[in-house]
Amino acid sequence: MDIETVMLSEYGNASSNIISNHRRRKLVDIATRLSRRIGRKVPVFFDKAYENLIHDPAVEPPQSALLDDELGLVYEIGTLSKILAPALRIGYMIGPGGPLLAAMVQKTSDAGFSAPLITQEIASYLLDRHVAGQIDKVNAGYREKAAATRRWLDAELGDVLSGYTGGSAGFYFYLTLADIETHERSAFFRFLSRTTGQPDIDGPSGDKQPRVLYIPGEFCVDPQGELVEAGRRQLRLSYGFEELPRIKQAVEWMREAAAYARQFPAV
Ligand SMILES: Cc1ncc(COP(=O)(O)O)c(C=O)c1O
């Protein structure tokens, strides 16, 4: 038996899929049965980084796996990165007391690996007084951006995409293109990064045309896994930072990049 721990993200970065409460319970159930069978606790770690950023009202509210944890196997790992600011470098773990939690506390103290006390104090003040309003505001913004981006993806890239996930939590869509590659050597990537070598597409050196930056799918899949082939045609797109008109423009450039890639497929 080589399963010692289970680590999973409640919201996949990059797939942007959200684990259902049913599957969450199932996983705890599997770990519980396995622990009983081998006579040893098999911990399950849930990554909750995006849990507060589920902004799609159609998604069922997430239920903590701690509620189904008979044996004390579940640990939840959270972060203030997504709801306050990444630079705070504050994360936390919730779980049953015992050797693992004690070791984590000891290790964190030994290594001095934590945010400065003043930063923790500021974060605590913000959490106590402002975080609920902040989360509502952020989610309302993401909800609107996700809906608009989805419309543009469907309208502009409908015949280019074989599917996409995301837009329900956080700020990503994960796209799968039907027949066009997206990795760094691809025509599609070179068009959008303005590195085709053609001045009419790239713009003059020193004054390049605007670029569309995305994370190629090949970096989002396990290089030894079964998604390698699909990953070559996938990409993660963020709607977190740019404003709506800019995102619309970016999707239009992606349509142009797809036309270019079909015209000059060989790389
Ligand atoms: C799924 C997921 N979990 C956890 C994190 C961790 O965030 P941080 O290290 O900033 O706390 C991230 C950050 O991008 C993430 O995408």
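The largest pocket in this predicted model holds about 780 Å³ of space. Its lining is made up of 23 residues, and those lying nearest the centre are Ile90, Gly91, Tyr92, Thr108 and Phe113. Looking at where the lining comes from, two or more residues are supplied by each of β3 (74-79), β4 (91-94), α2 (99-111) and α3 (117-129). Of these, α2 chips in the most, giving six residues to the lining of the largest pocket. As for character, 13 of the lining residues are nonpolar, eight are polar and just two are charged.

Next comes the second largest pocket, with about 430 Å³ of space. Here 21 residues form the lining, and Val212, Leu213, Ser238, Glu242 and Ala250 sit nearest the centre of this pocket. The elements that hand over two or more residues are β8 (234-238) and α8 (244-263). The largest share belongs to α8, which puts six residues into the lining of the second largest pocket. Sorted by class, this lining has 14 nonpolar residues, three polar ones and four charged ones.

Then there is the ligand. The residues around the ligand are Ser9, Tyr11, Asn13, Asp47, Ala49, Tyr50, Thr79, Ser81, Lys82 and Arg89. By class, this shell splits into three nonpolar, four polar and three charged residues. The nonpolar part consists of Tyr11, Ala49 and Tyr50, while Asp47, Lys82 and Arg89 make up the charged part. That leaves Ser9, Asn13, Thr79 and Ser81 as the polar members of the shell.

Several of those polar residues also turn up when side-chain contacts with the ligand are listed. In Asn13, a polar side-chain atom lies 2.8 Å from an oxygen atom of the ligand. Thr79 does something similar, with a polar atom of its side chain placed 2.5 Å from a ligand oxygen. For Ser81, an N or O atom in the side chain is 2.4 Å from an oxygen atom of the ligand. On its own, the ligand has 390 Å² of accessible area, and the protein covers 67% of that.

Thr79 is worth a second look, as this residue is one of those around the ligand, and its number also falls at the end of β3 (74-79), an element that gives two or more residues to the lining of the largest pocket.

Note on methods: Residues are numbered from 1 along each chain as its sequence is written. This is a predicted model: local features need pLDDT of at least 70, side-chain atom pairs count only at pLDDT 80 or more; totals for chains, interfaces and linings use all residues. Side-chain values use heavy atoms; hydrogens and water are left out. A residue is near a molecule or strand if one of its heavy atoms lies within 4 Å of it. A polar contact is a pair of N or O atoms within 3.5 Å; within protein, one must be able to donate a hydrogen and the other to accept it, and residues adjacent in sequence count only if both atoms are side-chain atoms. Accessible areas come from the Shrake-Rupley method with a 1.4 Å probe; for residues, only the protein chains shown count as cover. On a 1 Å grid over the protein atoms alone, a cavity is a set of points where a 1.4 Å probe fits but cannot get out, and a pocket is an open set with protein on both sides within 12 Å along at least five of seven lines; lining residues have an atom within 4 Å of a point. Grid points are joined across faces, edges and corners, and a volume is the space filled by probe spheres set on the points. Helices (H or I, at least four residues) and strands (E, at least two) are DSSP runs, numbered from the N terminus.
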